[in-house]
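Q: I would like a close look at one part of this structure, with each term explained as it comes up.

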Amino acid sequence: MKKIQMVDLKGQYSGIKDVVNTSIQEVIENTAFINGPKVHEFQKNLEQYLGVKHVIPCANGTDALQIAMMGLGLKPGDEVITADFTFAATVEVIALLQLTPVLVDVNEDDFNINIEAIKQAITPKTKAIVPVHLFGQCANMEAIMEIAKEHDLFVIEDNAQAIGASYAYKDGRKVKAGTIGHVASTSFFPSKNLGCYGDGGAIFTNDDDLAHTIRGIVNHGMYERYHHDVVGVNSRLDSIQAAVLDAKLPHLDHYNRARQAAAIKYDKAFKNIDNVITPKVSATCSEDCDTSCQCHVFHQYTLKIKGVDRDALAKHLNESGIPCGVYYPIPLHNQKAYQDERYNEDDFKITNQLVKEVISLPMHTELDDEQIEYITSTIIKFING
Ligand SMILES: *Cc1c(COP(=O)(O)O)cnc(C)c1O
């Protein structure tokens, strides 16, 4: 059996080696390392793939979030609602911009931001909601956009984990994740569903004016050379990373389907194991959706372990040559940097429970049946004692 890895970037590379190498070589030959034609080509191709008017590439997914918030003109003291159960980048940029993060609880079944919790957190100071499409599927965007409309709020989709995922409206209409809110951010960190070979990120929007503002912000606030109209940042996707991404983009749907195929096999193996709760595809996914709908692109395949010591299981898996991860072990509201006396533990019941139960299994485009069989049988044997 091939060694099991959490992600297998080398295996994936071997299938696209020639096109990636040629694409990188082109950049080296033409020496347009910054803002070269590759960046522009990738931007256009991604706009077309997503069905969004503007993609603005930048240096990483954390910058993308920050720049989106700067572009919207959020001001110190504005409250921004986001999920308690996610990677820290989201709350980090809110705090960095001296906005006030307001963390709220998530759903037990799909791990995404809870709609009732959002409603309860809204105050006259609330200016934006940042749903994070966690582990590869969209938050309930239809409900979030309704709330935003009612209260005149911006919606910034953190799409770092769900690029290529579809979102199904109740009426059956489908769009790509990251094209629904006023603006969205994504990350091309190597292990993301569309990853480059270094750091990278992008901002998406259908709003022409916002796109213009953001294009200036990523480039030192310049709209005309050496005229600095606003305070900006230096955040660029370099041409070599764009070359890698442009070579990989045509494979994204196929890669996401490979993840889904692995998820289906995992689901099947755990079907009759009461202690193991497999990931739920969101209720907003319309009924005729089958697994080819891409409503969940499994950035992570995350189980909930009931009635068995999750940490002991994780240790056993590691000892058995099976890497696994706990995403995320500490609720953001309990992180030292983000504690706030206004928070009440009772408002975070689900996150507080999830951090004890979740475990993410190896998930990538190269998993084979033998590996999946070994992973699932090792878990089942441990649970059955
Ligand atoms: C990875 C990730 C980010 C940050 O992306 P970087 O490119 O590493 O800066 C932000 N939000 C979420 C939910 C992520 O998973």
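Is the crossing of helix 1 and helix 8 right-handed or left-handed?

A: The crossing of helix 1 and helix 8 is right-handed, a crossing being left-handed if the near helix is turned anticlockwise from the far one by less than a right angle and right-handed if clockwise. This is a predicted model, in which local features need pLDDT of at least 70 and side-chain atom pairs count only at pLDDT 80 or more, while totals for chains, interfaces and linings use all residues. Residues are numbered from 1 along each chain as its sequence is written, and side-chain values use heavy atoms, with hydrogens and water left out.

Helix 1 covers residues 9-30 and helix 8 residues 239-248; helices are DSSP runs of H or I with at least four residues, numbered from the N terminus. The two pack at an angle of about 140°, their axes 8 Å apart, where axes are lines fitted to C-alpha atoms over the stretch in contact and angles run from 0 to 180 degrees between N-to-C directions. Helix 1 and helix 8 are therefore oblique to each other, since angles under 35 degrees count as roughly parallel, over 145 as roughly antiparallel, 65 to 115 as roughly perpendicular and the rest as oblique.

On the side of helix 1, the contact is made by Gln12, Ile16, Val19, Val20, Ser23, Ile24, Val27 and Ile28, and helix 8 contributes Ser239, Ile240, Ala243, Val244, Ala247 and Lys248, contact meaning heavy atoms within 4.5 Å. These residues divide into 10 nonpolar, three polar and one charged; Ala, Val, Leu, Ile, Met, Phe, Trp, Tyr, Cys and Pro count as nonpolar, Asp, Glu, Lys and Arg as charged, and the others, Gly among them, as polar.

Elsewhere, an open sheet of three strands has the order 12-13-14 with antiparallel pairing, strands being DSSP runs of E with at least two residues and pairing requiring at least two bridges found by DSSP. Strand 12 (276-277) and strand 14 (358-361) are its edge strands, each pairing on one side only. Helix 9 (residues 252-270) packs on this sheet, touching strand 12, strand 13 and strand 14.
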